[in-house]
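Got a minute to walk through a new model with a colleague? Let's put it on the screen and talk it over.

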Amino acid sequence: MLQFNRTVPLSVDFTHPEDYLIFIFHILFATSSALLAGSVVIGIVGTRALRSQNRFIFMLNTSISDTLTGCSVFYLGLFDVQEGYPSRNGTYYILPSFLGVNVLTFLFAQFDRYLAVCHPFFYKRYITRGVVIGVCVLCWGYTYSILTVQSVVPVAFAAQMNAFGVIVLQVIVAVKVLMTIKLYMIARHQLSREAPSSEKDSKKESLRIIVFVVICFLTLWAPSFVNISVRYVTKGGLRFRNEATNLFAIMARLNALSTPALYVWGSPSLRAAVWNRVWSKILQRRKTRVNSGHVKPMKGEERILSITYQRNLNTKDS
């Protein structure tokens, strides 16, 4: 394989046409997911009306994780990396675990929407913005504290911890599926009985977003989860050359692009914030540069014409 900095080889050797497609795909995916998720982060952070709402704090947390996931693809997708025990040029699961942060965040976000809709008085009294921020910090702390322990213990014990983590993950996924069904039933039946109001529209929007996001997340992530579970239980399952050619891992990482896209699609207020805070300014600056680029040559041409005209006059006078 081709070498990069004489340390880590590239993910493909470019001996087949599909190698070029794989390499280009990862570059485009990493760039687009980092830009889109990063835009959502800037839009929420830069808009006080959004960051004061609990549901957007959860969106901010997952969007930060998605941004980092997009950036991680520049390594996982472009270089010969194989995570596992043992690993090859791996990161001790540091980069793939950004998706693990999202798994926990979505779970807490589902409970947050359930309490907000079904128990509004309890929610307004106890589920404050500080509590939600603390829960988001807990998602990061729990995920990477487990990785820290796994990195300092023997490999055999780390593999056992990883297998136990898969079991815990199965429980979390089951709870997420049940909560998704519950929220769907609430959005379809309970909210339909409420009188029309802005609060009802906000609840309906938030439930619709979290239901669609979780369904999409589980759909893209389930093949990788099932394959990993089969490998731990039966020693079978599919194995791939590296992370760049791992179809299941690629599907799981696609959540870094689909999740912020669903956020922007489902929330008009977030869509407006992303446009006003990010893309409108970028396009405006580009337009200003283009316009200034057209004006400057005109000024230069006018100056040259004036100098030429003055010289012609001096020639005639002489």
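What follows is a chat between a biologist and a modeller.

Biologist: Before we start, which pLDDT do local features need in this predicted model?

Modeller: Residues are numbered from 1 along each chain as its sequence is written, and side-chain values use heavy atoms, with hydrogens and water left out. This is a predicted model, where totals for chains, interfaces and linings use all residues, side-chain atom pairs count only at pLDDT 80 or more, and local features need pLDDT of at least 70.

Biologist: How many helices and strands does the protein chain have?

Modeller: Helices (H or I, at least four residues) and strands (E, at least two) are DSSP runs, numbered from the N terminus. Along the sequence the pattern reads β-β-α-α-α-α-α-α-α-α-α-α-α. The tally is 11 helices and 2 strands.

Biologist: What percentage of the 318 residues of the protein chain count as buried?

Modeller: Buried means under 20% relative accessible area, exposed means over 50%, and partly exposed is in between, using a 1.4 Å probe and protein chains only. The protein chain has 318 residues, and the buried portion is 41%.

Biologist: Among contacts between residues at least 6 apart in sequence, what percentage join residues at least 24 apart?

Modeller: Contact here means heavy atoms within 4.5 Å. Taking the contacts in the protein chain between residues at least 6 apart, the portion joining residues at least 24 apart is 74%.

Biologist: Why does the length of helix α7 agree with what it should span?

Modeller: The expected span of a helix is 1.5 Å times one less than its number of residues. Helix α7 covers residues 155-190, which is 36 residues, so it should span 52 Å. Its end C-alpha atoms agree with that, being apart by 50 Å.

Biologist: Which helices are included in what covers the buried residues of α7?

Modeller: The buried residues of α7 include A158, M161, N162 and V166, and further along I172, V173 and K176. What covers the buried residues includes α4 (98-118), α6 (129-152) and α8 (198-234).

Biologist: Q150 is in α6, so is Q150 buried or exposed? And which residues does it touch?

Modeller: Q150 has a relative accessible area of 7%, so it is buried. Not counting residues up to four places away in sequence, Q150 touches Y85, A158, M161 and N162.

Biologist: Why is α3 called largely enclosed by the rest of the structure?

Modeller: Helix α3 takes in residues 54-76. At 1.5 Å a residue, its 23 residues should span 33 Å, and its end C-alpha atoms are 32 Å apart, which agrees. It is largely enclosed because, of its 23 residues, the number buried is 18.

Biologist: What is L76 in contact with, leaving aside its neighbours within four places in sequence?

Modeller: L76 lies in α3 and is buried, with a relative accessible area of 2%. L76 and L95 are 19 residues apart in sequence, and their C-alpha atoms are 8.2 Å apart in space. Leaving aside neighbours within four places, the contacts of L76 are V81, E83, L95, P96, E243, A244 and R253.

Biologist: Which helix gives the most to the lining of the largest pocket?

Modeller: On a 1 Å grid over the protein atoms alone, a pocket is an open set with protein on both sides within 12 Å along at least five of seven lines, a cavity is a set of points where a 1.4 Å probe fits but cannot get out, and lining residues have an atom within 4 Å of a point. Grid points are joined across faces, edges and corners, and a volume is the space filled by probe spheres set on the points. The largest pocket has a volume of about 1400 Å³ and 46 lining residues, with Y93, N162, V166, I228 and Y232 nearest its centre. With 9 residues, the helix that gives the most is α7.

Biologist: Which helix supplies the largest share of the lining of the second largest pocket?

Modeller: The second largest pocket holds about 280 Å³ of space. Of its 13 lining residues, R113, A116, Y123, S202 and K203 are the closest to its centre. The largest share, 4 residues, comes from α8.

Biologist: And which helix gives the most to the lining of the largest cavity?

Modeller: The structure holds 1 cavity of 30 Å³ or more, and the largest cavity has a volume of about 110 Å³. Its lining includes R55, F58, M59, F106 and Y263. With 4 residues, the helix that gives the most is α4.
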